[in-house]
Amino acid sequence: MWRSCLRLRDGGRRLLNRPAGGPSASMSPGPTIPSPARAYAPPTERKRFYQNVSITQGEGGFEINLDHRKLKTPQAKLFTVPSEALAIAVATEWDSQQDTIKYYTMHLTTLCNTSLDNPTQRNKDQLIRAAVKFLDTDTICYRVEEPETLVELQRNEWDPIIEWAEKRYGVEISSSTSIMGPSIPAKTREVLVSHLASYNTWALQGIEFVAAQLKSMVLTLGLIDMRLTVEQAVLLSRLEEEYQIQKWGNIEWAHDYELQELRARTAAGTLFIHLCSESITVKHKLLKE
């Protein structure tokens, strides 16, 4: 029965759709949410102080306006994003706030703030190395030796994703039951480093963020390539925990809250990666042709 509860559906609804609607939403100066790669502390909630939100295009990109004030980052930099689609998504995040602004729910805003302020002062090479390092402790590469039902579950659900990644990138990714984890070939690291180098620093911030949520570089790659939906990736990252819950039960509210939060963060991070990887110049050129 527990296996049927955990079966991943191929036709699951994707959470990666762009936000619909016009270029208006709302934002406020410099809120952020913590993550393993962030230096910002979570701000407290505050009463919503703006009525309208709009998006304007400036010299450096797209800006967010709260009434007649321009949004700023925690370091007082002008909040400017590279694409209109990302600006709309962030603005929608602010516009959805009710009487109280809950900064900890605004994951896209936090990722943008991190990209703009770069509080940890990391360059592109450092971001790539940080992302690839998740291979050393990748969730789906660590296997148990018992019970047999969990061993079989991990093999049936995780092996196909590893096989896909190996074929997709032409690399070798092994699994292990050792506490030391699997041995990742140097060639595999080189290939993935080269692949990640094709992304800009904004997208790399998102990639590291998603990998930190799922504790898996392989699952993150599956999301980026749309081999997995957010729901599938989250369930795969929590496979052992979901197995234990099905067997022993859980604290109702705690489990549901953690699951929804993980889905929200993963969905926001994946959306951020895709929106930061788009090229407006290329799209406009194609339209002209």
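A residue counts as buried when its relative accessible area is under 20%. With that cut-off in hand, welcome to a quick tour of this predicted model. The protein has 289 residues, and buried ones make up 49% of them. Cys276 is one that meets the cut-off, because its relative accessible area is 3%.

**Overall picture**

- The protein contains 12 helices and 6 strands.
- Its exposed surface comes to about 14,700 Å², with carbon and sulfur atoms supplying 51% of that area.
- If you take the contacts between residues at least 6 apart in sequence, 70% of them join residues at least 24 apart.

**Helix α3 and what follows**

- Helix α3 spans residues 107-117, and 11 of its 11 residues are buried, so the helix is largely enclosed by the rest of the structure.
- The buried set includes polar or charged names such as His107, Asn113 and Asp117, alongside Leu108, Leu111 and Leu116.
- Cys112 also belongs to the buried residues of α3, and its relative accessible area is 0%.
- Just after α3 comes Asn118, which takes a positive phi of about 45 degrees.

**Cysteines**

- A search of the whole structure turns up 0 disulfides.
- Cys112 takes part in no disulfide, and the nearest cysteine sulfur to its own is that of Cys276, 6.3 Å away.
- Seen from the other side, the closest cysteine sulfur to that of Cys276 is in Cys112, and the 6.3 Å between them is too far for a bond, because a disulfide calls for sulfur atoms within 2.5 Å.
- Both partners in this comparison are buried, Cys112 at 0% relative accessible area and Cys276 at 3%.

**Aromatic rings**

- The model holds 5 aromatic pairs.
- In one of them, the ring centres of Trp164 and Tyr169 lie 6.1 Å apart with their planes at 85 degrees, so this pair is edge-to-face.
- Trp164 counts as buried at 17% relative accessibility, and Tyr169 does too at 10%.
- Tyr169 has a further neighbour to look for: the charged end of Arg168 sits over its ring, 4.5 Å from the ring centre.
- Elsewhere, ring pairs join Phe49, Tyr50, Trp94 and Tyr103 into a cluster.

**Gln97 in its loop**

- Gln97 lies in the loop that runs between α2 (84-95) and β6 (100-101).
- This loop residue counts as buried, with 7% relative accessibility.
- Leaving aside residues up to four places away in sequence, Gln97 touches Arg48, Tyr50, Lys102, Thr105 and Met106.
- With Thr105, Gln97 makes a polar contact from side chain to side chain, at 3.4 Å.
- Tyr50, another residue that Gln97 touches, is also a member of the ring cluster.

**Helix α4**

- Helix α4 covers residues 124-132, and its buried residues are Leu127, Ile128, Ala130, Ala131 and Val132.
- Among the elements that cover these buried residues are α6 (186-196), α7 (201-214) and α8 (217-224).
- At the start of α4, a side-chain oxygen of Asn123 comes to within 3.2 Å of the backbone nitrogen of Asp125.

Terms used
Residues numbered from 1 in each chain as written. Predicted model: local features only at pLDDT ≥ 70, side-chain atom pairs only at ≥ 80, totals over all residues. Heavy atoms only, no water. Phe/Tyr/Trp six-rings, centres within 6.5 Å; stacked < 30°, edge-to-face > 60°. Buried < 20%, exposed > 50% of the residue type's maximum accessible area, 1.4 Å probe, protein only. Lys NZ or Arg CZ within 6 Å of the ring centre and 35° of its normal. Helix = DSSP H or I, 4+ residues; strand = E, 2+ residues; numbered from the N terminus. Contact = heavy atoms within 4.5 Å. Areas by Shrake-Rupley, 256 points an atom, 1.4 Å probe, with all protein chains shown as cover. Polar contact = N/O pair within 3.5 Å; in protein donor to acceptor, adjacent residues only side chain to side chain.
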